[in-house]
Amino acid sequence: MILTRRRVLGAALLLPLEGLAQTCGRVTPRQTEGPFFKTDSPRRVSLLEGSSQGARLVLVGQVLSPQCRPVANALLDFWHSDEAGDYDNRGFRYRGHQYTDAQGRYRLETIVPAQYPGRTRHIHVKAQAPGRKVLTTQLYFPNDPANARDFLYRPELAMKLAKRGEGSFDFVVDA
Ligand SMILES: [Fe+2]
């Protein structure tokens, strides 16, 4: 009798774990690329240039499959506004792409982009597992007061800030 009851309890305890596994495999929400995407960005992990004035940001994380396996050689193409809230549409300031390592990891060095009218602070990104569909989205800064007024902001797309200037975000893409 006691054994049976334990089994029932055990089955009940498994349910929340199953729920967690599903969360792990949820593909990162897509968002509009906006009007300022440019193809052929340079391949580089640091978007910093000699003239960079903004607060520094290091963003790290992994690209994962829906089964939560690291995706090696995934493409990440980042672009964001500069210190004044402008995009470089002539050149490639604050634009760059890179590929994840064998563990699916990436590291981006850049500045915290300025806000521009009508939007909260954000970083645009395209993520793509080798040979698969491109996922276009935007990343946000948690606790930014302008998030609440932004028409595109989603809390699932907020990076985690370990401390000032150090953020992390894991992408889940079709792989
Ligand atoms: Fe933007």
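Student: How are the donor residues of the iron ion spaced in sequence?

Tutor: Happy to help! This is a predicted model, and its iron ion has Tyr 87, Tyr 116, His 122 and His 124 as protein donors. Tyr 87 sits in the loop between strands S2 and S3, while Tyr 116 sits in the loop between S4 and S5, 29 residues apart. Written as a pattern, the spacing is Y-x28-Y-x5-H-x1-H.

Student: How far from the iron ion do its protein donors lie?

Tutor: The two tyrosines, Tyr 87 and Tyr 116, each offer the OH atom. His 122 and His 124 each offer NE2. The distances from the iron ion are 2.0 to 2.2 Å.

Student: Why is the arrangement around the iron ion called what it is?

Tutor: Look at the angles that the four donor atoms subtend, which run from 91 to 160 degrees. A tetrahedral site would need all angles between 85 and 135 degrees. The angles found here therefore make the arrangement irregular.

Student: Is Tyr 87 buried or exposed?

Tutor: A residue counts as buried under 20% relative accessible area. Tyr 116, at 17%, is buried. Tyr 87 has 11% relative accessibility, so the word for Tyr 87 is buried.

Student: Which strands are the edge strands of the open sheet?

Tutor: Four strands form this sheet in the order S3-S2-S5-S6, with antiparallel pairing. Edge strands pair on one side only, and here they are S3 and S6.

Student: Which residue in S5 stands opposite Asp 77?

Tutor: S2 and S5 pair in the antiparallel sense over five bridges. Strand S2 covers 75-79 and strand S5 covers 122-128. Opposite Asp 77, in S5, stands Lys 126.

Notes:
Residues are numbered from 1 along each chain as its sequence is written. This is a predicted model: local features need pLDDT of at least 70, side-chain atom pairs count only at pLDDT 80 or more; totals for chains, interfaces and linings use all residues. Side-chain values use heavy atoms; hydrogens and water are left out. Donors are N, O and S atoms within 2.8 Å of the metal (3.2 Å for Na, K and Ca); water is not among the atoms, so sites may look incomplete. Four donors count as tetrahedral if all angles lie between 85 and 135 degrees; four count as square planar and six as octahedral if opposite donors are over 155 degrees apart and all others between 65 and 115; anything else is irregular. Helices (H or I, at least four residues) and strands (E, at least two) are DSSP runs, numbered from the N terminus. Buried means under 20% relative accessible area, exposed over 50%, partly exposed in between (1.4 Å probe, protein chains only). Two strands pair if DSSP finds at least two bridges between them.
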